[in-house]
Amino acid sequence: MKPVREYRWIFPNDRAGSSDSTSASIAAQSPDSLGLIKKLTDELNISPTLAQLLVNRKIDSYEKARVFFRPDMSDLHDPFLMDGMEKAVERITRALANQETILVYGDYDVDGTNGTALLWSFFRTVGANVSYFIPDRIKDGYGLSHRGIEVAKERGATLLITVDCGVTAVEQVRAARAANIDVIICDHHEPSDTLPDAYALLDPIKPGCPYPYKALSGCGVAFKLVQALLTRPETLGLQSWLGDKADALLRSYLDLVTLATTADIVPLTEENRSLVKLGLDLINSNPRPGIRALVETSGTKPGRISAGQIVFILAPRINAVGRIGDAMRAVELLTCESYDKALSLARVFEEENRTRRKLDEEAFLEAQQIVEDFLDVEADSAIVLHQESWHPGVIGIVASRLVERYYRPTIMLTTVDGVVKGSARSISGFDIHQALKRCEDKLLQFGGHKYAAGLSVDPDRVDEFKEAFNAVAKELLTDELLTPRLNIEAEIDLDELTPKFVGTLNRFAPYGPGNMRPIFAARNVELYGPPKIVGNNHLRFKVRNNGRVFDAIGFNLGGLIERLQNGTRRVDIAFSIDEGEYAGELVPQLKIRDIK
């Protein structure tokens, strides 16, 4: 049985209320927050608890709430606020006018392949001479590669546009320029100290970029490039036929942006949330053939696709073809115009995802055994493992699973063509990209985000790197960071769970980083009947409050059953809210996260 994890419950303002009522949680707020909660409660006609959830998300006005619940395309930022956008539009305009050959070069993950599909589709629509290239995960590795430059030369490209990579490709961009190929970079990763000398570099987090929203995906940056191009159709020579269809054309790419944004685990806040909420509407009402085929073959329900289903069901299938074979097929699926052809491809994706899961499980079990046999997880601040036999396509997934199990920053390393390559995953509050930066003299290269990164090491320096990284982790990680937190958004009385409350709460979706599914705490609730273990270690029980009985289930929390036995009749519970069905009516179901 999986060991029971001990959580530290964190309440608003890092203070727990002292009683079992909702008012205790709200009373813990600052005076300013209390005023905002009262204001939103009145203006939106919602409960104080729901208003508190909005304030927790920095939504402090009626207009911000309107954008949160009912976003519109007009809410998106002006793309020309992004540094480099004017130059990018000017260069593409010239390429289209002169019928130059354009190569779109995307990363092999969901973000990169969807961004590539978006740009390629757009350029095809406007009559450009365009092709695309996705590097091989094993042969080429991450980022703009020298082989990619050679492919551009072979195809006669004079303009190369990257998606989800390129911001650290200083040497590769220099090689492209030497071959008379201009490069436009669409990226969202952390830049290095030296920026590549690209014709235009679009990255909202590069130093000095004034773009107001910094958390776009790579595909999101590509979308902003298309948005910029479509705001000036006359410069592209498109005014005669595009007319008022520009908005509809831009909207047609929202499904691709949604897949990329949710799969890349970037914050679902502000502009990202607007893009994803609008894109989910498109996916559920009029999916393109490739997405419709993915939905059918994966067994998900058309018309009810959520952000979570993209992350855990659809995205892994898109990623699988790049982990096991050629990621170019992902772009082929996403740009398919024939549903029959898309369905045929999607069935291949399904088979390769099964293969990926088998490799994943084998590597995870082996890695777990190494941790149990040779590491002291209680004493060690990080996990760094190296096995030459691990498939490079699954080490990132396995690293994430090890983080989930042991709650330690984890790096999985394997050997590819004489070079040790790895994937790093982190825990909340630990910037693994900055930790790798402090060890960069031991690395051949690295790149990524705060919580996920890729790296390569000389085989002779693996032990040296392990020692250095563990030293950095030991220095930076406190006991507090190494204790998993359960962020409680509000204390609540179960009587508040009315149909209106649950209906409004459902509109807080789509959920993701920055807008996680709210976790509530209820104090001193009465157990009703005996708890039991169902399925594969799931804890099921009932609680009663003022005569109302609620179903509760804790997935993979069978180890908590001891806290509900031995005469215990009242407990504190942390839970999110799902909907179940009883006698034809939707009823709230408590999805348990912890019990005290």
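Buried here means under 20% relative accessible area. Keep that cut-off at hand, and remember that this is a predicted model.

**Stop 1: helix α15**

Select residues 307-324, which form helix α15. Its buried residues are Ala 307, Ile 310, Leu 314, Ala 315, Pro 316, Arg 317, Ile 318, Asn 319, Ala 320, Val 321, Gly 322 and Arg 323. Two arginines, Arg 317 and Arg 323, are on that buried list.

Now look along the axis. Where does α15 kink? The kink lies at Ala 315, shortly before the proline Pro 316, and amounts to about 40 degrees. The helix has 18 residues and reaches 24 Å from its first C-alpha to its last. That is close to the 26 Å expected at 1.5 Å a residue.

**Stop 2: strand β4**

Select residues 159-163 for strand β4. Five of the five residues of β4 are buried, so the strand is largely enclosed by the rest of the structure. In a regular strand the side chains alternate between the two faces of the sheet. Colour the two sides of β4 separately: Leu 159, Ile 161 and Val 163 lie on one, Leu 160 and Thr 162 on the other. Both faces are covered.

Add residues 101-106, strand β2. β2 and β4 pair in the parallel sense over five bridges. Use Tyr 105 as a marker: it stands opposite Thr 162 in β4. Thr 162 also has a bridge partner in β5, namely Ile 185.

**Stop 3: strand β5**

Move on to residues 182-186, strand β5. Why is β5 described as largely enclosed by the rest of the structure? Five of its five residues are buried. Asp 182, Ile 184 and Cys 186 point one way, while Val 183 and Ile 185 point the other way.

Check the neighbours. β4 and β5 run parallel and are joined by five bridges. Ile 161 stands opposite Ile 184 in β5. Then select residues 200-202, strand β6. β5 and β6 also run parallel, joined by three bridges. Here Cys 186 stands opposite Leu 202 in β6.

Show helix α8, residues 170-178, as well. Together β4, α8 and β5 make a right-handed β-α-β unit.

**Stop 4: the nonpolar cores**

Which residues have the most contacts inside the largest nonpolar core? Select Leu 119, Phe 123 and Phe 223. The core itself has 105 residues. Its largest share, nine residues, comes from helix α9, residues 218-230. A second, separate core of 41 residues includes Leu 40, Leu 527, Val 543 and Ile 561.

Go back to Phe 123 and show its surroundings. Leaving aside residues up to four places away in sequence, Phe 123 touches Ile 92, Leu 96, Ile 102, Val 104, Ala 128, Val 130, Ile 161 and Leu 229. Ile 161 in that group is the β4 residue opposite Ile 184.

Next, display α9 alone. It has 13 residues and reaches 19 Å from its first C-alpha to its last, close to the 18 Å expected at 1.5 Å a residue. The helix is mostly covered, with 13 of its 13 residues buried.

**Stop 5: Ser 381**

Jump to the loop between α17 (339-374) and β7 (383-386), where Ser 381 is found. Is Ser 381 buried or exposed? Its relative accessibility is 10%, so it counts as buried. Apart from residues up to four places away in sequence, Ser 381 touches Arg 408, Pro 409, Ala 473, Lys 474, Leu 477 and Leu 482.

**Stop 6: Glu 332**

Select residues 328-334, helix α16, and pick out Glu 332. Glu 332 is partly exposed, with a relative accessible area of 27%. Not counting residues up to four places away in sequence, it touches Tyr 132, Lys 341 and Leu 345. Draw a distance from Glu 332 to Thr 113: the two are 219 residues apart along the chain, with C-alpha atoms separated by 9.4 Å.

**Stop 7: Pro 513**

Finish in the loop between α21 (499-506) and β14 (520-527), at Pro 513. This proline is partly exposed, at 28% relative accessible area. What does Pro 513 touch, not counting residues up to four places away in sequence? Its contacts are Ile 265, Val 266, Pro 267, Leu 268 and Thr 269. One last distance: Pro 513 and Asn 536 are 23 residues apart in sequence and 28 Å apart in space, C-alpha to C-alpha.

How values were computed:
Residues are numbered from 1 along each chain as its sequence is written. This is a predicted model: local features need pLDDT of at least 70, side-chain atom pairs count only at pLDDT 80 or more; totals for chains, interfaces and linings use all residues. Side-chain values use heavy atoms; hydrogens and water are left out. Helices (H or I, at least four residues) and strands (E, at least two) are DSSP runs, numbered from the N terminus. The expected span of a helix is 1.5 Å times one less than its number of residues. The bend at a residue is the angle between axes fitted to the seven residues ending there and the seven starting there. Buried means under 20% relative accessible area, exposed over 50%, partly exposed in between (1.4 Å probe, protein chains only). Two strands pair if DSSP finds at least two bridges between them. A crossover is right-handed if, with the strands pointing away from the viewer, the path from the first strand over the helix to the second runs clockwise. A nonpolar core is a set of buried Ala, Val, Leu, Ile, Met, Phe, Trp, Tyr and Cys residues joined through side-chain atoms within 4.5 Å. Contact means heavy atoms within 4.5 Å.
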